[in-house]
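Reader: I have a chain to go through with you. Please show it, and then I will ask about it point by point.

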Amino acid sequence: MASDSAEMVETTLRAVLVDILGLAEAQVADFDDSTELFGAIPELDSMAVAGLLTEIEDRLGIWIEDDEFETEMLETFGNLLAFARTKALQ
């Protein structure tokens, strides 16, 4: 059950990156834990961060407090996925 939920979070996160940043599905499908995001993907700039986080909140039914947000969270796909899983599966 938990692995299904963890997989759902990952699938949702990948869909958000495609939908909000306009990235190609094939590109996002190739993301792994070490794939760099903020600073490496031009579409994910400071203006896109708020929209991305809001959409993650909406789709996963979570709330990201201001004090929970750290820039390290957006450094890699693995960091963002770990954060989203922690929030969604708690």
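Reader: What share of the area that the chain exposes do carbon and sulfur atoms supply?
Author: A caution comes before the value: this is a predicted model. The chain exposes about 5300 Å². Of that area, carbon and sulfur atoms supply 51%.

Reader: In what order do the elements of the chain run from the N terminus?
Author: The chain has zero strands. Its secondary structure comes to four helices. From the N terminus on, the order is therefore α-α-α-α.

Reader: Why is the chain as compact as a globular protein of that length?
Author: The globule rule gives 12 Å for 90 residues. The chain is close to that value, so it is as compact as a globular protein of that length. Its C-alpha trace spans about 35 × 30 × 20 Å along the principal axes. The radius of gyration itself is 12 Å.

Reader: What percentage of the contacts with a separation of 6 or more do residues 24 or more positions apart account for?
Author: Contact here means heavy atoms within 4.5 Å. Pairs with a separation of 6 or more form the base of the count. Residues 24 or more positions apart account for 61%.

Reader: Which helices each supply at least two residues of the largest nonpolar core?
Author: That core has 27 residues. Those with the most contacts inside it are L17, F31, L44, L52, I56 and L80. The helices that each supply at least two of the core's residues are α1 (2–21), α3 (46–60) and α4 (77–88).

Reader: Which residues is L44 in contact with, leaving aside its neighbours within four places in sequence?
Author: L44 is among the residues with the most contacts inside the core. With the sequence neighbours set aside, its partners are L21, L37, F38, G39, V49 and L52.

Reader: Is E10 buried or exposed?
Author: E10 has its place in helix α1. Its relative accessible area is 17%. Buried means under 20%. E10 is therefore buried.

Reader: Which residues does E10 touch, not counting those up to four places away in sequence?
Author: One of them is L81, found in helix α4. L81 is buried, with a relative accessible area of 3%. The full set for E10 is F77, L81 and R85.

Reader: And which residues does L81 touch, on that basis?
Author: Residues up to four places away in sequence are again not counted. E10 is one of the partners. The full set is V9, E10, L13 and D33.

Reader: How far apart in space are L81 and R59, C-alpha to C-alpha?
Author: In sequence, L81 and R59 are 22 residues apart. In space, their C-alpha atoms are apart by 14 Å.

Note on methods: Residues are numbered from 1 along each chain as its sequence is written. This is a predicted model: local features need pLDDT of at least 70, side-chain atom pairs count only at pLDDT 80 or more; totals for chains, interfaces and linings use all residues. Side-chain values use heavy atoms; hydrogens and water are left out. The radius of gyration is taken over C-alpha atoms; the globule rule is 2.2 Å times the number of residues to the power 0.38. Accessible areas come from the Shrake-Rupley method with a 1.4 Å probe; for residues, only the protein chains shown count as cover. A nonpolar core is a set of buried Ala, Val, Leu, Ile, Met, Phe, Trp, Tyr and Cys residues joined through side-chain atoms within 4.5 Å. Buried means under 20% relative accessible area, exposed over 50%, partly exposed in between (1.4 Å probe, protein chains only).
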